[in-house]
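Grab a pencil and work through these exercises with the model open beside you. Each task comes with a solution that goes step by step.

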Amino acid sequence: MSSPTTVDEPGPARLSPRKKQRIVRAVQYTVLAGLVVFVILYADWSSLAQNFAKPDVAGKAVPDLFTIALKNTIIYTIGGFILSFVFGLILALMRISKVAPYRWLAIFYIEVFRGVPALLVFLLITFLPLALPGFEVPFGTYGQAILGLGLVGSAYQAEIFRAGLQAVPKGQTEAARSLGMSASRAQFTVVIPQAIRIVIPPTTNMFVALLKDSSLVLFLGVSGEYVELTKFGNDLASQYANATPIMVAGLTYLIVTIPLSYLARRLEKR
């Protein structure tokens, strides 16, 4: 006699990947909402407002916040950006050059200034007069700040340019040479303009990074009419024993960096 057939009992239903993702997301949202509720209920808002958002202390920052601190920050940033843009392009051309010593010098510079903290570069600039008696950086404090930002920024900008130069199809150079152009003319009239267009988005991000790095200028010992946003906010915070000026300086950075970051994202999409 044949044995009776057994019917397999249905097992527990398995969740689809989409349902699992929804559950994980719901847990994350629940935890986030819990943290927000905890902060709202247990934070001492009156104390926070007194120490970080005091209106009368914030009013003390105006108009010097814009006429001195923000103005200097923009001057330092634009000057450092121009220096890093020009020197970075030169370094990138040396980096891809067929002449070995050029490549070695470019690689050495890029690796050193990308590996050393930017703070140390600014501190070393302050000791230049001691190491080189009689030497003075042109334009005084402005020149020192621009030099520091330019030395650091050019190392990163060089790698950005190198990627852009290598992204231009080799056929562009070959076509230019077939028209009778020299190698240098083809590089400067055909390759470099296309590379600059390619690297516009990361170069915009580089400008934002230099804007934030301009806060390191305070280690040059700037004061008075040369202070930038961070130094300005820190000095006022020490004067009034209140952190509101630091918050105001931070918000001023955001007023500049958020539009620039949005511009960089738009350029990347295009």
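Read along the sequence, this protein follows the pattern α-α-α-α-α-α-α-α-α-α-α-α-α. Before you start, note that this is a predicted model: local features need pLDDT of at least 70, side-chain atom pairs count only at pLDDT 80 or more, and totals for chains, interfaces and linings use all residues. Residues are numbered from 1 along each chain as its sequence is written, and side-chain values use heavy atoms, with hydrogens and water left out.

**Exercise 1: the overall build**

Work out how many helices and strands the protein has, and why it counts as more spread out than a compact globule.

Solution.
- Step 1: There are 13 helices and 0 strands. Helices (H or I, at least four residues) and strands (E, at least two) are DSSP runs, numbered from the N terminus.
- Step 2: The radius of gyration is 28 Å, while the globule rule gives 18 Å for 270 residues; the protein's value is well over that, so the protein is more spread out than a compact globule. The radius is taken over C-alpha atoms, and the rule is 2.2 Å times the number of residues to the power 0.38.
- Step 3: Now check the box: along the principal axes, the C-alpha atoms fill roughly 110 × 70 × 35 Å.
- Step 4: Buried residues make up 33% of the 270 residues. Buried means under 20% relative accessible area, exposed over 50%, and partly exposed in between (1.4 Å probe, protein chains only).

**Exercise 2: the nonpolar cores**

Find which element gives the largest share of the largest nonpolar core.

Solution.
- Step 1: Get the term straight: a nonpolar core is a set of buried Ala, Val, Leu, Ile, Met, Phe, Trp, Tyr and Cys residues joined through side-chain atoms within 4.5 Å.
- Step 2: The largest core has 38 residues, and those touching the most other members are Tyr 109, Phe 113, Val 121, Phe 122, Leu 165, Val 217 and Leu 220.
- Step 3: At least two residues each come from helix H4 (64-95), helix H5 (100-115), helix H6 (118-126), H8, H10 and H11.
- Step 4: H8 gives the largest share of this core, with 9 residues.
- Step 5: Apart from this core lies another one of 10 residues, including Phe 232 and Tyr 253.

**Exercise 3: two buried residues**

Say which residues Gly 88 and Thr 204 touch, leaving out those up to four places away in sequence.

Solution.
- Step 1: Gly 88 sits in helix H4 and is buried, because its relative accessible area is 0%.
- Step 2: Gly 88 is in contact (heavy atoms within 4.5 Å) with Leu 83, Ser 154, Gln 157, Ala 158 and Phe 161.
- Step 3: Thr 204 lies in helix H11 and is buried too, with a relative accessible area of 13%.
- Step 4: Thr 204 touches Leu 260, Ala 264 and Leu 267.

**Exercise 4: the pockets**

Find which helix gives the most to the lining of the largest pocket.

Solution.
- Step 1: On a 1 Å grid over the protein atoms alone, a pocket is an open set of points where a 1.4 Å probe fits, with protein on both sides within 12 Å along at least five of seven lines; lining residues have an atom within 4 Å of a point.
- Step 2: The largest pocket has a volume of about 590 Å³. Grid points are joined across faces, edges and corners, and a volume is the space filled by probe spheres set on the points.
- Step 3: Its lining has 16 residues, and Ile 96, Lys 98, Thr 173, Gln 187 and Val 191 lie nearest the centre.
- Step 4: Helix H8 (140-167), helix H9 (170-178) and helix H10 (183-198) each give two or more lining residues, and H10 gives the most, with 5.
- Step 5: For the second largest pocket, the volume is about 160 Å³, and the lining is Arg 197, Ile 198, Ile 200, Pro 201, Leu 267 and Arg 270.

**Exercise 5: backbone oddities**

Find which peptide bond is cis, and what phi Phe 139 and Ala 241 have.

Solution.
- Step 1: Most residues other than glycine have a negative phi, and most peptide bonds are trans.
- Step 2: The bond from Val 62 to Pro 63 is cis, with omega near 5 degrees; Pro 63 lies in the loop between helix H3 (55-60) and H4.
- Step 3: Phe 139 has a positive phi, near 65 degrees, and counts as exposed at 75% relative accessibility.
- Step 4: Ala 241 has a positive phi as well, near 50 degrees, and is exposed at 68% relative accessibility.
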